[in-house]
Amino acid sequence: MIDTSSLETAADDHASLHSNGAQKEEIVIEQLNNTHNNNNNTIINPNDNRSQSTLDVSKAEKAEKTEMTSSKVESGGKILDYPEGGFGWLVVLASFVVNFWTFGPNIVWGVHQEYHIKAETFPGVDAAQLSWVGSIGTAAMFISGPFVAPMTRFLGLRAVVAIGIFVCSAGLIAASFATELWHLYISQGFLFGAGGGLVFFSSISVTAQYFEKRRGLANGIAVAGSGIGGLALAPLVRELITKVGFRWCLRITGFAVLGFMIAIFAFIRPRVKSAKRGPIFDLSVFSAPGFKPLLFSAFIVTFGYMVPIFLMPTYVVQVIGESADRGATLISVFSGINAVSRICLGVAADKLGRTNTLFTCCFLAGVSCMAIWSASTNMTTLTVFMVCYGLFGGGFISIFPVVVAQVVGVERLSGALGLLYFGNVVGNLLGAPIASAIITAQGGKYSGAIIFAGITPVIAALFILGVRFQYTKKIFAIA
């Protein structure tokens, strides 16, 4: 008797095998079609299981490679891999040029101020009133800081940079038509500073997106532009004022700002796209360990940071008895040393620790004011002071953004820098006028102003030391 159940089972197995075979044949045909469409020249035999396996593995590897490549740039808003060079060096070049033309013209404000005092451009105006132009310019740059991140979310980073380029160049050109001192407050002060701030904060945050291990070096090269700017522009501005007058000097400088920044605009290219939604100001950074001490240090250090630079031309004339040209030369010496030191300090920060380097720079910058400038009665001693101050004074500008990135992360750097540099506003705005008022109160003596300029970075250094000990309690550790 025939076992019908066995026959049924065999029939089912045969049907199953036939179905599976048909499915496999369809899969292979589909793979062949896909391969043909992708212009792949590999020949696959439908009966060769090894060819099918090789194709599957190849596709999987390709998908994995694509996923890894995209995740290196951005994964949940976080950068996982840094080029450490390549196009990043063009970004550094762009940031260098930005620093040159946003900080340089303000660094040499002392040359403009000395000319206005001597020529009595604005009758009845004294040095203290004139010093507000430089202070407003520096303060306005940092006032714009907190607004860069929200503007970037709504407009895009490159649009923010374009607006900043137009505003800062227009400010200098408008200043050439000033007939009252308050015209300079608005144009050469506020407009130039605010526009420059939009460009500066945007460029410095992009630079950090291309480097991690070399971030100190890259940032040092970028911010060295401000020192080179002061070095080049101090004698140039002096010469232009002598040859064509201060009005055409401002116009030439304004068009130079516009031309150079347009030339490097294409290189300011962010790797991380800003979120379209979010709070106007990212206050979550306040919860990051070390952020609050950094805020206090940023607030205090700028009260004295620009005082030696702004007062040096008049100090040379009134105390040393030399010409204003010698004062402009000292500004150039400071700026040149400052530019070189920023690069060297960037390397030192990568090797010796970023908070270690920032603390040392702020502390020694203050000490050099109180120990050397206060004792300067001739050009030799004064030159030694400007060399020392240029060497250490640049540390705050070059290392501070690197320390901030270490504390809050690169992804929140733009917003954090904006908030921190906003703390600079009061110091930059009031520092030079306070120092000038101290000089007036002391009957023309500079001793009180010098102590004021020196004590503020020393106090700021103590707050930075607090940030450093949050990372490690070991005295000689790299942090």
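A residue counts as buried here when its relative accessible area is under 20%. Keep that cut-off in mind for A224, which comes out at 1% relative accessibility and therefore counts as buried. One caveat before going on: what you have in front of you is a predicted model.

Let's stay with A224 for a moment. This alanine lies in helix α9, which runs over residues 215-264. Leaving out residues up to four places away in sequence, A224 touches F96, A339, R342 and I343. There is also a pairing in space to look at with C344: A224 and C344 are 120 residues apart in sequence, yet their C-alpha atoms sit 10.0 Å from each other.

Now step back to the whole protein. The secondary structure comes to 18 helices and 0 strands. Of the 479 residues, 51% are buried. If you take the contacts between residues at least 6 apart in sequence, 83% of them join residues at least 24 apart. As for the outside, the accessible surface is about 21700 Å², and carbon and sulfur atoms account for 65% of that.

Next, have a look at S135, found in helix α5 (residues 127-143). Is S135 buried or exposed? Its relative accessibility is 0%, so S135 counts as buried. Once residues up to four places away in sequence are set aside, S135 touches F310, N428, L429, A432 and P433.

One of those partners, F310, has a number that falls inside helix α11, residues 307-320. So how do α11 and its neighbour α12 meet? Two packed helices are described by the angle between their axes and the distance between the axes. For α11 and α12 (residues 324-352), the axes come within 7 Å and cross at roughly 145°. The crossing of α11 past α12 is right-handed. On the α11 side, the residues involved are I309, M312, P313, V316 and V317, and they meet A324, R326, G327, L330, I331 and F334 of α12. Sorted by type, the residues of this contact come to 9 nonpolar, 1 polar and 1 charged.

Moving along the chain brings you to helix α13, residues 354-371, which holds C361. A quick length check works well here: 18 residues at 1.5 Å a residue should span 26 Å, and the end C-alpha atoms of α13 are 26 Å apart, so the two agree. The buried residues of α13 are R354, T355, N356, T357, L358, C361, C362, A365, G366, S368 and C369. C361 has a relative accessibility of 2%, which is why C361 counts as buried. Beyond its neighbours within four places in sequence, C361 is in contact with L345, F392 and G395. C361 and L345 are 16 residues apart in sequence, with 8.8 Å between their C-alpha atoms.

G395, one of the contacts of C361, is also where helix α15 (residues 395-408) begins. The same kind of length check can be run on α15: its 14 residues should span 20 Å at 1.5 Å a residue, and its end C-alpha atoms are 20 Å apart, so that agrees. How many of the residues of α15 are buried? The count is 13 of 14, and α15 is mostly covered. Just after the helix comes G409, which takes a positive phi of about 95°.

Notes. Residues are numbered from 1 along each chain as its sequence is written. This is a predicted model: local features need pLDDT of at least 70, side-chain atom pairs count only at pLDDT 80 or more; totals for chains, interfaces and linings use all residues. Side-chain values use heavy atoms; hydrogens and water are left out. Helices (H or I, at least four residues) and strands (E, at least two) are DSSP runs, numbered from the N terminus. Buried means under 20% relative accessible area, exposed over 50%, partly exposed in between (1.4 Å probe, protein chains only). Contact means heavy atoms within 4.5 Å. Accessible areas come from the Shrake-Rupley method with a 1.4 Å probe; for residues, only the protein chains shown count as cover. The expected span of a helix is 1.5 Å times one less than its number of residues. Axes are lines fitted to C-alpha atoms, for helices over the stretch in contact, and angles run from 0 to 180 degrees between N-to-C directions. A crossing is left-handed if the near helix is turned anticlockwise from the far one by less than a right angle, and right-handed if clockwise. Ala, Val, Leu, Ile, Met, Phe, Trp, Tyr, Cys and Pro count as nonpolar, Asp, Glu, Lys and Arg as charged, and the others, Gly among them, as polar.
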